[in-house]
Amino acid sequence: MIYEKELRVFQNKLSHVGLCIHSVPADGNCLFSAVSHQLYSTSEHHSALRKQAVDFMLDHSEDFKGFIPDLENYTARMSTLGIWGSHFEIQALSRALGVNFAIHRLNSPPTLIQNFEDSRWVHLSQHLGVTTK
């Protein structure tokens with residue numbers, strides 16, 4: 001299957017930088033589950049991380065309103081389990097948790113979200129319910 005071949009190529013690419021793939025369900029909670037796994041070695045804190053991201057966005061609304069015109073409705077919807085997270089939530093989590101993110105994809109360099117000079121890097125991968133560890 002093509003996906004399995006691409007996944008092996010991706011895993012090989014990640015292994016060269018000391019990373020491996022850890023699967024999470026592609027259930028809309030996957031971003032938060034992946035971050036939870038990276039920080040706590042378990043995905044069970046996904047709902048608390050979702051809440052933390054939403055609370056940060058509301059507490060720092062001026063930083064997000066220029067990109068999300070109806071922030072209150074957006075965050076109300078994002079508070080619901082199963083709603084897919086985006087770059088906005090990654091940015092909020094980075095700032096709320098004091099970590100940087102590297103998002104890995106198969107055919108492109110990592111997207112880096114660096115809000116802090118000397119902070120931990122959390123590595124995620126974006127592809128069909130899989131994350132790196």
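1. Let's start with helix 6 and what surrounds it. In this predicted model, the buried residues of helix 6 pack against helix 2, helix 3, helix 4 (61–64), helix 5, strand 2 and strand 3 (108–113). Which residues are they? Look for Glu 89, Ile 90, Gln 91, Ala 92, Leu 93 and Ser 94, which are buried in helix 6. Just to keep you oriented, Gly 98 follows the helix and has a positive phi, near 75°.

2. Next, have a look at the largest nonpolar core, which has 24 residues. The members that touch the most others are Phe 32, Val 35, Phe 64, Leu 93, Phe 101 and Leu 124. At least two residues of this core come from each of helix 2, helix 3, helix 5 (71–78), helix 6 (87–97), strand 2 (100–105) and strand 4 (121–125). You've already met Leu 93 as one of the buried residues of helix 6.

3. Now turn to helix 2 and helix 3. Their axes are 8 Å apart, and the two helices pack at an angle of about 105°. Angles of 65 to 115 degrees count as roughly perpendicular, so that is the label for helix 2 and helix 3.

4. Who meets whom at that contact? On the helix 2 side you'll find Phe 32, Ser 33, Val 35, Ser 36 and Tyr 40, and on the helix 3 side His 46, Leu 49, Arg 50 and Ala 53. Sorted by class, the contact has five nonpolar, three polar and one charged residues. Notice Phe 32 and Val 35 here: both are also among the core residues that touch the most other members.

5. Ser 41 deserves a second look. It sits in the loop between helix 2 (30–40) and helix 3 (46–59). Most residues other than glycine have a negative phi. Ser 41, though, has a positive phi of about 60° and is not a glycine. Is Ser 41 buried or exposed? It is exposed, with a relative accessible area of 64%.

6. Finally, the cysteines. How many disulfides does the structure hold? Zero. As a reminder, a disulfide is a covalent bond between the sulfur atoms of two cysteines. Why doesn't Cys 20 have one? The closest cysteine sulfur, in Cys 30, is 18 Å from the sulfur of Cys 20, so it is too far for a bond; the cut-off is 2.5 Å. Looked at from Cys 30, the closest cysteine sulfur is the one in Cys 20. As for their surroundings, Cys 20 counts as partly exposed at 27% relative accessibility, while Cys 30 counts as buried at 14%.

Terms used
Residues are numbered from 1 along each chain as its sequence is written. This is a predicted model: local features need pLDDT of at least 70, side-chain atom pairs count only at pLDDT 80 or more; totals for chains, interfaces and linings use all residues. Side-chain values use heavy atoms; hydrogens and water are left out. Helices (H or I, at least four residues) and strands (E, at least two) are DSSP runs, numbered from the N terminus. Buried means under 20% relative accessible area, exposed over 50%, partly exposed in between (1.4 Å probe, protein chains only). A nonpolar core is a set of buried Ala, Val, Leu, Ile, Met, Phe, Trp, Tyr and Cys residues joined through side-chain atoms within 4.5 Å. Axes are lines fitted to C-alpha atoms, for helices over the stretch in contact, and angles run from 0 to 180 degrees between N-to-C directions. Angles under 35 degrees count as roughly parallel, over 145 as roughly antiparallel, 65 to 115 as roughly perpendicular and the rest as oblique. Contact means heavy atoms within 4.5 Å. Ala, Val, Leu, Ile, Met, Phe, Trp, Tyr, Cys and Pro count as nonpolar, Asp, Glu, Lys and Arg as charged, and the others, Gly among them, as polar.
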